[in-house]
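Colleague: I've just opened this one and don't know my way around yet. Could you walk me through it?

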Amino acid sequence: VQPDKSQKTQNFNVTDKSGRKVIGTNLATTLRVNRDGTQFEILADRQRNNYETCLNSWGNIFTSDNDDDGNRGSRVIWVMEGGTYGYRTPGSPRHWGEDVPGNVPKLVGTGNGSPCGIMAYEGALLKDFTDTLFEAEAGTRQINAFPVTRAGAAFRTEAKVLLASDDPWFRPVDMTAAPDGSVFVADWYDAGVGGHAFRDQTTGRIYRVAPQAETAIQFPKPDFSSVEGAIQALGSP
């Protein structure tokens with residue numbers, strides 16, 4: 001990456017393994033590239049401080065974007081290919097112009113906080129949360145839940161909470177689904193959050209979230225030897 005110092009907003013200049021040259025603004029972007037370093041491209045730009053990006057089974061992309069310098073601007077966005085998301089919008093006097101025409105609207109605003117990891121949950125074990133985005137929010141000490149439904153060419157959601165704690169050291173930073181649909185939550189477990197406000201580098205916790213009756217992890221055993229079994233395996237979230 002070679003910044004273009006002649007520009008007021010510095011650019012990045014990348015040549016991928018296939019010789020393709022890509023130039024973009026030095027602002028938060030969502031990028032895509034093959035594992036071998038070819039076909040590097042910019043999917044969307046002008047995000048603020050994107051922490052993590054996730055995919056659902058249909059290839060739709062969602063990002064946890066953190067934050068607007070304490071101005072209640074944390075958000076989750078659906079990443080539309082070619083979309084721009086309002087940070088330092090050209091022609092706008094505000095540095096956060098997401099409502100200026102031409103910008104893609106956010107999926108949901110989450111206010112102040114320190115949103116971290118995000119995942120698309122498609123399992124059936126947590127039956128009230130199938131087709132939901134889970135977002136780890138270290139600042140407010142909770143796992144946000146945003147059920148996603150298709151609305152026209154985009155998506156809609158509402159804000160819910162999977163779990164929360166009044167423990168001031170509870171700082172969830174990421175989560176992932178197990179094969180049976182239960183969810184593991186990584187807890188940074190620290191009294192401080194934001195910037196370099198951490199106080200502890202030796203303590204951490206991992207939680208498993210599942211219905212109370214599900215005490216052991218169940219591993220699916222697909223039958224790949226039959227057509228029916230293969231189809232069932234392909235349908236597994």
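Colleague: Let's jump right in: which residue of strand 11 does Glu 137 stand opposite?

Modeller: Keep in mind that this is a predicted model. Strand 10 covers residues 132-137 and strand 11 covers residues 142-147, and the two pair in the antiparallel sense over six bridges. Across from Glu 137 in strand 11 you'll find Gln 142.

Colleague: Okay, and which strands stand at the edges of the sheet those two belong to?

Modeller: That sheet is an open one with four strands, antiparallel, in the order 9-10-11-14. Strands at the edges each have a single partner, so one side of each is left without a neighbour in the sheet. Neighbouring strands here are turned by 25 degrees against each other on average, direction ignored. The edge strands are strand 9 (115-121) and strand 14 (160-164).

Colleague: Stepping back a bit, how many strands does the whole protein have?

Modeller: For scale, the C-alpha trace spans about 60 × 50 × 40 Å along its principal axes. Of the 237 residues, 41% count as buried. There is one helix, and the number of strands is 17.

Colleague: What about the sheet with strands 15, 16 and 17: what is its average twist from one strand to the next?

Modeller: It's an open sheet in the order 15-16-17, with antiparallel pairing. Strand 15 and strand 17 each have a single partner strand, so one side of each is left without a neighbour in the sheet. From one strand to the next, the twist averages 20 degrees.

Colleague: Which residue in strand 16 stands opposite Met 175?

Modeller: Strand 16 is residues 183-187, and five bridges join it to strand 15 in the antiparallel sense. Opposite Met 175, in strand 16, stands Val 185.

Colleague: Now strand 7: how many of its five residues are buried?

Modeller: Side chains in a regular strand alternate between the two faces of the sheet, so it helps to look at each face in turn. On one side of strand 7, Ser 74, Val 76 and Trp 78 are buried, and on the other Arg 75 and Ile 77 are too. The strand (residues 74-78) is therefore largely enclosed by the rest of the structure, and the buried count is five of the five.

Colleague: And what is the bridge partner of Ser 74 in strand 8?

Modeller: Strand 7 has antiparallel pairings with strand 6 (residues 61-65), over four bridges, and with strand 8 (residues 108-111), over three bridges. In the pairing with strand 6, Asp 65 is matched with Arg 75. In strand 8, Ser 74 has as its bridge partner Gly 111.

Colleague: I can see some rings too. Is the pair of Phe 170 and Tyr 207 stacked or edge-to-face?

Modeller: It's one of six aromatic pairs in the structure. A plane angle under 30 degrees would count as stacked and one over 60 as edge-to-face. The ring centres of Phe 170 and Tyr 207 are 5.9 Å apart and the planes sit at 75 degrees, so this pair is edge-to-face.

Colleague: How many residues apart in sequence are the parts that this pair ties together?

Modeller: Phe 170 is buried, with a relative accessible area of 4%, while Tyr 207 is partly exposed at 30%. Phe 170 lies in the loop between strand 14 and strand 15, and Tyr 207 lies in strand 17, so the distance in sequence between the parts they tie together is 37 residues.

Colleague: Which ring does Arg 205 lie over?

Modeller: For an arginine, sitting over a ring takes a CZ within 6 Å of the ring centre and within 35 degrees of the ring normal. Arg 205 lies at 4.0 Å from the ring centre, over the face of Tyr 189.

Colleague: Last one: what is the phi of Arg 88, roughly?

Modeller: Most residues other than glycine have a negative phi, so a positive one is worth a look. Arg 88 is in the loop between strand 7 and strand 8, and it is partly exposed, with a relative accessible area of 44%. Asp 131, in the loop between strand 9 and strand 10, also has a positive phi, near 60 degrees. For Arg 88, phi is positive at about 55 degrees.

Key. Residues are numbered from 1 along each chain as its sequence is written. This is a predicted model: local features need pLDDT of at least 70, side-chain atom pairs count only at pLDDT 80 or more; totals for chains, interfaces and linings use all residues. Side-chain values use heavy atoms; hydrogens and water are left out. Two strands pair if DSSP finds at least two bridges between them. Axes are lines fitted to C-alpha atoms, for helices over the stretch in contact, and angles run from 0 to 180 degrees between N-to-C directions. Rings of Phe, Tyr and Trp (its six-membered ring) pair if their centres lie within 6.5 Å; planes under 30 degrees apart count as stacked, over 60 as edge-to-face and the rest as tilted. Buried means under 20% relative accessible area, exposed over 50%, partly exposed in between (1.4 Å probe, protein chains only).
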